[in-house]
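User: I am new to this structure and would like to understand the terms used for it. Could you take me through them with the reasoning behind each?

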Amino acid sequence: MLSLNNIFDTIDMIDKQHLDIRTITMGISLLDCVSEDPERCCRKIYDKICRRAERLVKTGEDIESEFGIPIVNKRISVTPIALVAGSCATADYVPFALTLDRAAKTCGVNFIGGYSALVHKGFAKGDELLLRAIPQAMAQTDLVCSSVNVGSTRAGINMDAVAAMGRIIKDTAHLTRDTDGLGCAKLVVFCNAVEDNPFMAGAFHGVGEADSVINVGVSGPGVVYHALQKCKGALFDVVAETIKKTAFRITRMGQMVAAEASDRLGVPFGIVDLSLAPTPAVGDSVARILEEMGLETCGTHGTTAALALLNDAVKKGGIMASGHVGGLSGAFIPVSEDEGMIAAAECGTLTIDKLEAMTCVCSVGLDMIAVPGDTSAETISAIIADEAAIGMVNSKTTAVRIIPVEGKDVGDMVEMGGLLGSAPVMPVHKAQSADFIARGGRIPAPLQSLKN
Amino acid sequence: MKAIVTVVGKDQVGIIAGVCNTLADHNINVLDISQTIMEGFFTMMMVVDLALCTESFANLQNVLKTFGEGRGLSIRIQREDIFDAMHKL
């Protein structure tokens, strides 16, 4: 029997601790939209997305209302467009982005992901054309998110793609300079990208997935933070156990919402992403959880260990609560989207080097980081190479979402707006990596034994 | 379908009577009530059965919300499943 305390625990989590479902993402395969005629292909893409996702937003809103749990985002992910557009007789892939944008707006979703290419081992024709179109696509659309997978544990790292992405990020920042490089906030470079990620900017619908599927990403840094406030000074064993129990409850709610959405939409349930996704709101920060463990400021010595514990406990707690777990699963550390990270970066304790170390033990990678506008394309590529190497060697997903903000320098603030938050421009090393990036070729896949 | 009605606000005469009457007006059966004063506030939860209720869930939410607003009470109704998911194995 539910007790009064149970009921009001849940209500407090939602009202006071920012508990929410971060996203319901419908994955839609576009493989059956392939056509040699690009206009016909775009028409088929638009029709299929609108047909499948017609009721997505309404269903999400109904669930929100009936269960009393906020569902912050309703999103769509599609098959990587490089695969779909590859057979079209055109060299201009920007219209595909415009089509996705139009479909997303018709459906009323917050974002659509999948303007993507998988080039971890090399480029096919469609990949090259898609990469070339990314800066214009990001500049001309509002809701389209793009991702490029440049490496994997099995394939190694495609350093030609890494070099290209540095230039593409610079170009995107330039074309969207009026909005402080907002286009770069919708563009992410992956190593070991996953096929069922519900989170933007990196969501795409993998080729191994069903025709359409419902994936759900949960959130709740505020709930974990609140729970840890009750075990001040306790052993780490107690900290881990507390996080596990909290993550279990959060994920059970995510699983229930996912099952409900899947049932109402008549679309199979895919996965729940066991995520701790922060927002810029006070009390919804991953950094503050790490500080609650006893660190004066996030980014100081001990931060990597604290994050390792948090990330592992979230997964252990969540995994039993969900039928199928997937996506990126773990704690996210986007700088601009986390009030505590912003504060730590502003005071100089949290640096890119420390964030890189943190990405070895958490969910994704260098996320939503603003750097000076004069940062070279080669330096950005080198940052991507470092992150990809961490992902490749450790058999985990890593990513880079970095914004070289034109006209801004270290110490300036960049306003991204909404959930994207605001970020202080962080310093990068001045020493050049240009000759390293100029080499090109591939970094071979790493050994999977003799692990030390 | 079962739902949970929660009421929080300043204690006053007739809260339970008023909420129960409103529910009865819509053919909603009360299965369980638990109530206390928490940090000085009247705090109540009711398990209700909506099987015979003809009103839509959204309208019902509005009716209860409006009833509460006139009396300085926060009243909400949510499907029971969310609480079950979080607190029962």
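The turns below deal with the fold of chain B and then with its contact with chain A.

User: What kind of model is this, and how many helices and strands does chain B have?

Analyst: This is a predicted model. The secondary structure of chain B consists of three helices and four strands, and along the sequence these elements follow the pattern β-α-β-β-α-β-α.

User: Why is chain B called as compact as a globular protein of that length?

Analyst: The globule rule multiplies 2.2 Å by the number of residues to the power 0.38. For the 89 residues of chain B this rule gives 12 Å, and the radius of gyration is 13 Å, which is close to that value, so chain B is as compact as a globular protein of that length. The C-alpha trace spans about 30 × 30 × 20 Å along its principal axes.

User: What share of chain B is buried, and what makes a residue count as buried?

Analyst: A residue counts as buried if 20 or more other C-beta atoms lie within 10 Å of its own, and in chain B buried residues make up 28% of the 89 residues.

User: What makes two strands of chain B a pair, and which order do the strands take in the sheet?

Analyst: Two strands pair if at least two bridges are found between them. β1(B) and β3(B) have eight bridges in the antiparallel sense, so by that definition they pair. One position in this region is B:Lys2, which stands opposite B:Asp49 in β3(B). The four strands form an open sheet in the order β2-β3-β1-β4 of chain B, with antiparallel pairing.

User: Why are β2 and β4 of chain B said to stand at the edges?

Analyst: Each of β2 and β4 of chain B has a single partner strand, so one side of each is left without a neighbour in the sheet. Neighbouring strands of this sheet are turned by 15 degrees against each other on average, with direction ignored.

User: How do you know that chain B touches chain A, and which element supplies the largest share of that side?

Analyst: Residues are in contact if their C-beta atoms, placed from the backbone, lie within 7 Å, and 18 residues of chain B are in contact with 16 residues of chain A. The largest share of the side of chain B that touches chain A comes from α3(B), with six residues. That side divides into eight nonpolar, seven polar and three charged residues. From chain A, helix α1 (residues 4–16) lies across β1, β2 and β3 of chain B, running at about 100 degrees to β3(B).

Methods: Residues are numbered from 1 along each chain as its sequence is written. Chains are lettered from A and ligands numbered from 1 in the order in which they are written. This is a predicted model: local features need pLDDT of at least 70, side-chain atom pairs count only at pLDDT 80 or more; totals for chains, interfaces and linings use all residues. Two residues are in contact if their C-beta atoms, placed from the backbone, lie within 7 Å. Ala, Val, Leu, Ile, Met, Phe, Trp, Tyr, Cys and Pro count as nonpolar, Asp, Glu, Lys and Arg as charged, and the others, Gly among them, as polar. A residue is buried if 20 or more other C-beta atoms lie within 10 Å of its own, exposed if 12 or fewer, and partly exposed in between; C-beta atoms are placed from the backbone. Axes are lines fitted to C-alpha atoms, for helices over the stretch in contact, and angles run from 0 to 180 degrees between N-to-C directions.
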